[in-house]
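The following exercises ask for a step-by-step reading of a structure from its coordinates. Each task is followed by a worked solution.

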Amino acid sequence: MPTVNKLATENNAFCQEIMDKSHQPITSCYHCMKCAGGCPINFAMEHNNYEILRIIQLGEKDKVFKSNTPWLCVGCKTCAVRCPNGIDTSKVMDTIKMETIAENKIPASHYNIKLFYELFLDCMKGFPIIGGEGRSYELGLMGLYKLCTGTYLAEMELGKEMTKRGKMPFLPHNALKRRKGEIKKIFQVAKEKRAR
Amino acid sequence: MKLSYYPGCSLHSTAAEYNMATEAVFASFGVELVELPEWNCCGATAGHSTDKFLALALPLRNLVIAEAEQQSELVLPCAACYNLIKGADHYCRQGTPEANDANEELKSIMGSSYNCTVNVTHPLEVIMKKEYVGKVSEMLKKPLSGLKLAPYYGCLLTRPTYVAFDDIEQPKAMDELMKLAGADVRRWSYKTDCCGGSLTVPRVDIVYEITKNLITAAQRAGADAVVTACPLCQMTLDTRQKEIDKPIPIFFFTELLGISFGHPEAKKWMKKHIVDPIPLLTSLSLV
C-alpha cells in the first residue's frame, strides 16, 4: 500500500483502524479533490469527502464522528471511479457509520438517517402474525418511521397517491416457504459478529 | 427461452409498472422471465451502511438459490439490487476474506454456498445483445417519433467498474436503444449523476434540491421526459418534482420499448405514474 502521508499516520491508530476495516488506502490521498468535485451531495455536507480522509489521516476521531458527511453519503461511487489512487471514499463512509453505531456516538442531527436504515432492516426480519420475512415492506417502514419521528402528517398526500396506484401493498410479502427462517438466521449471525 | 429473474422489492411495490413492462417486453422477444424462488431483499443502502456481514450475506443468499436452481444467468432490473448482487458475486470471485466468511456462514444456514457460476445481468445489458436489439426495428409498431428524451442512468448501473457493462462516464446503451425505438434522444451532462434515492425519506430536503437540478437540466437539453433503468431513480424523480413548474414524466426504458412495440397493456403501466405521462403520449399519438 503506497503511503503518501507517512508522517500523518505514524502514531495514528485510528487511521490504521479505518484503513484495515474499509480496505481503502486512505494514506494515499493527496487531496486532488476529484471526489468532492463529482459528489452529488457535497452541497449539503459539512466536510467534503477528501476532507474526511484528511481528518482521518490526522487522527481526529471525534471530528469525523461528529461530521454529517458519512451519513449523507449515498454510496453512488462517483468518488470511487474517479480517484487516481483507487480509494472508494464511500466505503470509508460506510466504515465510519458502522464505527459510530458500534460506539453509540451517533449525533442527534443524523439520527433519523440511522433510524431509517434500522427500520428498513427490521421490516426485513418480518413481523409477528403478518410475517414478511426477507422482503422490504414499504407501508410498514413508512408507518414505523413516522411513529418514531412524530412526522405523522408529512407526505400523507403522496402516500395516498402511491396506495391508490397499488404501489404500497397493505400487507408484507410472505415469500419464504421452504427456506423460512434463513433471513432471521442471517440477522442472528450478523448480531453475533457485531458483538465479537 | 427462459431466463431466471430477480425483480427485487421495488418491482413488487413502488415500481410495479417496471415489472409488468419488463416481463411484457421480454415476452415479445420470446423470453419468459421466471422469478427466482424465495428470493430476498438485497439489503440496499441500509445493509451496506450499517453491517459488513449483512452487506454481503443478504445479496449472496440469492446467488446461492440461483445456483441451487441450476441457473447460469440471473436478470436483475433494479440497479441497486443489480449493483449489490453483482458486487457480492465479484467479491466471491476475488475470494476476499469477508466474502469467504459470508459464504461459509451461508453454507451452514442454507446447506450450500456460492461457487461463482452465475452471470449477473441487467435487462438493458441483455436487450443490447445482438439477438434482441437486432430485432427492435422490425418489431416497431408505434415508433416513438417526436418523443424528446433525456436518458438517465443514475449511479448504480455504471459504477463501480466491476458492475459496468457500459462506459462508466458516458454510457450509451439506453441512448442507442431509444433511438432505435424512434425517440429523439437529447444530449445532456447529468446522465450518471445520482438521484440521492436513499435519502428520499430521512432527508427529503436534499432530494428536492437534487431533483430540481436534474429535471431542469433535462428540460434545458430540450427533453419532455426522462427515461431510466432503475426503480429508485424513477421513484425519486417521479415523486420529488415539487419545485418544478412543469413536471415531466419519468419512464422506464422497458415501458417505452413496450409502447413502441404497440403493447396492449401499456396504458395500464402509465396509470401507475405520479406525474401523468398520458397527455404527452396522447399528443404524440402513442397511446
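**Exercise 1. Determine how A:Glu155 is classed by burial, and describe its backbone.**

Step 1. A:Glu155 has 15 C-beta neighbours inside 10 Å and therefore counts as partly exposed. The classes are set as follows: a residue is buried with 20 or more other C-beta atoms within 10 Å of its own, exposed with 12 or fewer, and partly exposed in between, the C-beta atoms being placed from the backbone.

Step 2. The model is a predicted one, in which local features require pLDDT of at least 70 and side-chain atom pairs count only at pLDDT 80 or more, whereas totals for chains, interfaces and linings use all residues. Residues are numbered from 1 along each chain as its sequence is written, while chains are lettered from A and ligands numbered from 1 in the order in which they are written.

Step 3. Although A:Glu155 is not a glycine, its phi is positive, at about 65°. The residue sits in the loop between α10 and α11 of chain A. Helices (H or I, at least four residues) and strands (E, at least two) are DSSP runs, numbered from the N terminus.

Step 4. A:His23 is also a non-glycine residue with a positive phi, of about 60°; its place is in the loop between α2 (13-22) and α3 (34-38) of chain A. With 14 C-beta neighbours inside 10 Å, A:His23 counts as partly exposed. As background, most residues other than glycine have a negative phi, and most peptide bonds are trans.

Step 5. For an unusual peptide bond, turn to chain B: B:Arg159 and B:Pro160 are joined by a cis peptide bond with omega of about -10°. B:Pro160 belongs to the loop between β5 and α9 (173-180) of chain B.

**Exercise 2. State how many helices and strands chain A has, and describe its overall organisation.**

Step 1. Chain A contains 12 helices and 0 strands.

Step 2. Its domain assignment, which is automatic or taken from a database, gives domain 1 (6-105) and domain 2 (109-195). The centres of these two domains of chain A, taken over C-alpha atoms, are separated by 29 Å.

Step 3. Along the principal axes, the C-alpha atoms of chain A fill a box of roughly 60 × 40 × 30 Å. Of its 196 residues, 42% count as buried.

**Exercise 3. Identify which helix of chain A supplies the largest share of the side that touches chain B.**

Step 1. The contact takes 49 residues from chain A and 44 residues from chain B; two residues are in contact if their C-beta atoms, placed from the backbone, lie within 7 Å.

Step 2. On the side of chain A that touches chain B, α12(A) provides the largest share, with 8 residues.

Step 3. By class, this side of chain A has 26 nonpolar, 7 polar and 16 charged residues. Here Ala, Val, Leu, Ile, Met, Phe, Trp, Tyr, Cys and Pro count as nonpolar, Asp, Glu, Lys and Arg as charged, and the others, Gly among them, as polar.

**Exercise 4. Trace the surroundings of strand β7 (residues 225-228) of chain B.**

Step 1. Both faces of β7(B) are covered: B:Ala225 and B:Val227 on one side, and B:Val226 and B:Thr228 on the other, are all buried.

Step 2. Strand β5 (residues 148-152) of chain B runs parallel to β7(B) and is joined to it by 4 bridges; strands pair if DSSP finds at least two bridges between them. In this pairing, B:Pro151 stands opposite B:Val227.

Step 3. β7(B) is also joined, through 3 bridges, to the parallel strand β8 (residues 250-252) of chain B, where B:Phe251 stands opposite B:Val227.

Step 4. The largest nonpolar core has 146 residues, and those with the most contacts inside it include B:Val226, B:Val227 and B:Phe253. Such a core is a set of buried Ala, Val, Leu, Ile, Met, Phe, Trp, Tyr and Cys residues joined through C-beta atoms within 7 Å.

Step 5. Not counting residues up to four places away in sequence, B:Phe253 touches residues including B:Met178, B:Val227 and B:Ala229.

**Exercise 5. Decide whether helix α11 (residues 231-239) of chain B is largely enclosed or open.**

Step 1. In α11(B), the buried residues include B:Pro231, B:Gln234 and B:Asp238.

Step 2. The count is 9 of the 9 residues buried, so α11(B) is largely enclosed by the rest of the structure.
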